[in-house]
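Biologist: I am new to this structure and would love a close look at one part of it. Could you pick one charged pair, take me through it slowly, and then show me what else is worth finding?

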Amino acid sequence: MLPTVARVLDLDVMRRGLPQVVAGAGALERPVRWVHVSELPDVAGVLRGGELVLSTGIALPEDRDGLARYVRELAGVGVAGLVIEFGRRYFDSLPRALVAAAERHDLPLVVLRRELKFVAVTEAVHALVVNAQLEQLRVSEAVHQVFNELATEGAEPAEVVRQVARMAGAPVVLENLAHQVLAHDPAGRGEQELLEDWEHRSRGVHPPGRTGHDPRSGWLVTTVGARGQDWGRLVLVDEPVVLPPDVPHPHAMLLERGAATLALNRLVVRDRESLERQTHRTLLSGILTHALTVSEVSLRAQALGVPLEGRRLVGVVLRQRQGPLPAALEAQARLRDFTELAATAIRNARLSALVGALDDEGVGLLVALGSQQDEHASLESFAAALRRLSAEAGRDGSAEGPVIAVGSSVGSVRDARRTLLEATQVADAALHDAPGGRAAYYRLPDVRLRGLLHLLRDDERLQTYVERELGPLLAYDAEHGGQLVQMLRIYLEQGRNKSAAADAAHLSRPSFYDRLHKVERILGVDLDQVESCLSLHVALLALDAVRR
């Protein structure tokens, strides 16, 4: 660290001048960046801050206002202190206005009662400054070496925080953007004292810039993040210290290096996970499209740490319940995060599986179960883990969480495509099912008629049936901007109870009845006939399947 004013006054060369502090004694720990000898009353204009100004005072103003302005300007640029030698202008004491101004601005003011060679003082102090700079370079090299190793090894956040605290000799805390503690090291001090009421204390510290020192609390804070996405702050909880405006905190470089290592390691983990997901997705796609042979799938999955041979394989498809449609980039990020969430749930459930995105909206899994693993218990454990993680992350707007669809288990890699396709069809059907009252996941028997219609959705005969039953009504809505199809759907979903349907449609009963009569006229049907309503209800379910 740079020498302080107190350290300079303790030098032998300074002590020969019999120095006496007459003002600003509380700021003697200010660092001295340089020594500047000047007799000019407007010397502040050529200073940068951190200088110790030596003067005989021979050219200082005689009036009170001039002396006050001289001190105010020095303090304004952040000089470390002012030393005036007796013998040329002043002999026994300094002007009261000068002393009062220095005290008011907390500027160390020192008198030398014996004459000194200022050049000897500058040489001694500059030697200390140069040595401090060399020491800073050595420390910087050591810091970079330590944190390069931590980055290469992919160290956990707790280890990075521990190293910063050890090298700084002060407590360090890593917090998220909500000011919640993610990792900390008290550096041998009381943990209770460090963390007590942390969020409230942290919210009160807002230093300028990405790295800044808060002189009131003594905290040194730097933002943690990369690629324009900040996710936390690294805080050095130190004692308050007064620093000149352009003098960085002695631990600023250390804290920034720690923050960079934290950000880099997070990106490495995320990219590594993303690369793993991409590889899994390629395998799943190869299974579904027959792009890979059975032996290729088995070999590549084994290399990924997901052995498929000799295991019972279960296809699982996840879809998020429909909410407001996000923008394209947001949708991609959402799907990526959803995929990572599924992979985490698989790990939490202690299962082995290929996990990857199937399309723009769904995630596919091929779960490999050992002979001792119960299929239902394993899938329930995965479903519970996924719903818990989804709720914690706020990924799904529904309290029920995402749709989890499961295909029939198969005994060989050759049949893996069949279980994945079945899970996809179940997911498409279940996505239209009202949430609630279900088991942990859907299987083919759970989706019943919807499942059958989704299996047949590409059949032109089903499409013809939909057009025959609903075509005129769809055309009317398209031409007039109406919602008659939706009114019909509500009526049938409410069990043909007109009063309940009107309430569900948020319409008065006469208005709703009028719309039902219009549906009857357009389609040429009687909605009081059970068979007509059954036929229309099947057509609406088929329409959902075809549109999907």
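Modeller: Happy to! Let's start with Arg233 and Glu175, which form a salt bridge whose closest N and O atoms are 2.7 Å apart. Please keep in mind that this is a predicted model. The two partners come from distant parts of the chain: Arg233 belongs to strand β10 (residues 229–237) and Glu175 to strand β6 (residues 172–176), with 58 residues separating them.

Are these two side chains buried or exposed? Buried means under 20% relative accessible area. Arg233 has 12% relative accessibility, so Arg233 counts as buried. Glu175 is at 0%, and therefore counts as buried as well. As a general point, side chains of opposite charge can pair when their charged atoms come close.

This pair is one of 12 salt bridges in the structure. Another one joins Arg443 to Glu375, again with 2.7 Å between the closest N and O atoms. Here too, distant parts of the chain are linked: Arg443 lies in the loop between α13 (416–430) and α14 (444–455), while Glu375 is in helix α12 (residues 375–393), 68 residues away. Glu375 counts as buried because its relative accessibility is 15%. The connections continue, as salt bridges with shared partners join Arg312, Glu375 and Arg443 into one network.

For another setting, look at Asp337 and Arg336, whose side chains meet in a salt bridge at 3.9 Å, N to O. Arg336 is partly exposed, with a relative accessible area of 34%.

Since α13 has come up, let's pause there. Helix α13 has 15 residues and spans 21 Å from its first C-alpha to its last, close to the 21 Å expected at 1.5 Å a residue. The helix is mostly covered, with 11 of its 15 residues buried. Among the buried ones are Leu420, Val426 and Ala427, and also Glu422 and Asp428.

Now for the aromatic side chains. The structure holds one aromatic pair. Its members are Trp198 and Trp219, whose ring centres are 4.8 Å apart and whose planes meet at 15°, so the pair is stacked. Trp198 sits in helix α8 (residues 198–203) and Trp219 in strand β9 (residues 219–226), so to speak two distant parts of the chain, 21 residues apart, that the pair links. Both Trp198 and Trp219 are buried.

A ring can also have a charge for company: the charged end of Lys498 sits over the ring of Tyr513, 5.8 Å from the ring's centre.

Finally, the nonpolar interior. In soluble globular proteins, nonpolar side chains tend to be buried together. In this model, the largest nonpolar core has 31 residues, and Leu470, Leu488, Phe512 and Leu527 have the most contacts inside it. At least two residues each are supplied by α15 (460–480), α16 (484–493), α17 (498–504), α18 (509–523) and α19 (530–547). Helix α19 gives the largest share of this core, nine residues. To see how the pieces meet, centre your view on Leu470: leaving aside residues up to four places away in sequence, Leu470 touches Leu488, Leu523, Leu536, Ala539, Leu540 and Leu543. There is also a second, separate core of 29 residues, which includes Val316, Ala342, Ala345 and Ala349.

How values were computed
Residues numbered from 1 in each chain as written. Predicted model: local features only at pLDDT ≥ 70, side-chain atom pairs only at ≥ 80, totals over all residues. Heavy atoms only, no water. Core = buried A, V, L, I, M, F, W, Y, C linked by side-chain atoms within 4.5 Å. Buried < 20%, exposed > 50% of the residue type's maximum accessible area, 1.4 Å probe, protein only. Helix = DSSP H or I, 4+ residues; strand = E, 2+ residues; numbered from the N terminus. Contact = heavy atoms within 4.5 Å. Salt bridge = Lys/Arg side-chain N within 4 Å of Asp/Glu carboxyl O. Expected span 1.5 Å × (residues − 1). Phe/Tyr/Trp six-rings, centres within 6.5 Å; stacked < 30°, edge-to-face > 60°. Lys NZ or Arg CZ within 6 Å of the ring centre and 35° of its normal.
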